[in-house]
Amino acid sequence: MDKRFILPLLPVAAALLLPACGSSNTSSKHLTLVAYSTPQGVFEKLIPAFQATPEGSGVSFSQSYGPSGQQSRAVVNGLHADVVNFALEPDVEKLVKAGLVPASWNQNATHGFVSNSVAVIIVRKGNPKHIAGWSDLVKPGVQVLTPNPLTSGGARWNVVAAYGAQLKEGKTPAQAQAYLQALFHNVVSQDSSARNALQTFLAGRGDALIDYENEAIAVKKKGSAIDYVIPKDTILIQTPAAVVGSGASSAQARKFLAYLISPAAQAIWAAGGYRPVIPTVAAQFPTPSGLFTIDSLGGWKKVTEQFFAPESGIVTKIEQSLGVSTG
């Protein structure tokens, strides 16, 4: 049953680069946004809406979109940004470590998050393979798509969603790890980003795509021949944003960041398929009965080391066993 669900979100080939994106533009009336791939369509509405407010009047924008991990590394390596919106907290923490973002970036009412989602399974129209949940993705003959977890934040959410769901079902960590091995054995494509993986699926590859709920909602609204399944056990995806640096544009960047969690902006996020991060925005989303958070798995610091460490990570070893480059 649907319930009211209100919950506290290389340079890249997929990047959209508008004028001055890579520059050190210091104009207080110009902001550079560097973000992960999937919210581009929502920002196409959020930015004009912000520009229509007194705080955003006269502010111009440059934008860059791509895989979250690569975008984060690009900013560390010199790509100019005034505001970042990444798929994962660790991608923001890389900027904290580099001295580009203050350690207090997440000390606000939404803990630094600007949008929420959940991990879902996108299937072909009519669900011809009768996929109802995680267990169906490891059946023989089911071709699964998920992005590459070495570059894509969305892919890492997919991994922890699948693993955590096994624990919610009462399986042991060893059994959950074995499930990941079986899942990746059925993966037939690992694109660099969630957006690229979606395009590959829409082009006809595979039977199922693990993806953000908001992506499934958006493409279904556009008339794509897909359906999607929300597993009863799935993870709450929380995507962070932060102001970068302390130059002339930082005050304007803070106004934009504040706007992103305002009721007006959260309504735009919700219209784009994202779950609100503030309780004053009412939006109808189905409530997964076994919804869990990254904190239930020990938080991103533990999870990153456990699953994605370059030499010893569970997923790193699985990828290596399948012949996927992890360099």
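**Figure 1. Contribution of α3 to the largest pocket of the predicted model.** In this predicted model, α3 provides six residues to the lining of the largest pocket, the largest share. The helix spans residues 89-97 and is accompanied in the lining by α2 (68-76), α4 (153-168) and α10 (299-308), each of which gives two or more residues.

**Figure 2. Centre and composition of the largest pocket.** The space in the largest pocket amounts to about 640 Å³. Its lining consists of 26 residues, and those closest to the centre are P90, D91, K94, R156 and T304. By class, the lining of the largest pocket comprises 10 nonpolar, eight polar and eight charged residues.

**Figure 3. The second largest pocket and its lining.** This pocket, the second largest, holds about 470 Å³ of space. Among its 21 lining residues, G41, V42, A218, K222 and G272 lie nearest the centre. At least two lining residues come from each of α1 (40-51), α6 (194-202), α7 (213-221) and α9 (263-271). The lining of the second largest pocket divides into eight nonpolar, seven polar and six charged residues.

**Figure 4. Residues 1-26 and the confidence of the model.** Throughout residues 1-26, pLDDT remains under 50. For this segment the model nevertheless has 83 contacts beyond four places in sequence. Over the chain, pLDDT averages 91, and 91% of the residues score at least 70.

Terms used
Residues are numbered from 1 along each chain as its sequence is written. This is a predicted model: local features need pLDDT of at least 70, side-chain atom pairs count only at pLDDT 80 or more; totals for chains, interfaces and linings use all residues. Side-chain values use heavy atoms; hydrogens and water are left out. pLDDT is the predictor's confidence in each residue, from 0 to 100. Contact means heavy atoms within 4.5 Å. On a 1 Å grid over the protein atoms alone, a cavity is a set of points where a 1.4 Å probe fits but cannot get out, and a pocket is an open set with protein on both sides within 12 Å along at least five of seven lines; lining residues have an atom within 4 Å of a point. Grid points are joined across faces, edges and corners, and a volume is the space filled by probe spheres set on the points. Helices (H or I, at least four residues) and strands (E, at least two) are DSSP runs, numbered from the N terminus. Ala, Val, Leu, Ile, Met, Phe, Trp, Tyr, Cys and Pro count as nonpolar, Asp, Glu, Lys and Arg as charged, and the others, Gly among them, as polar.
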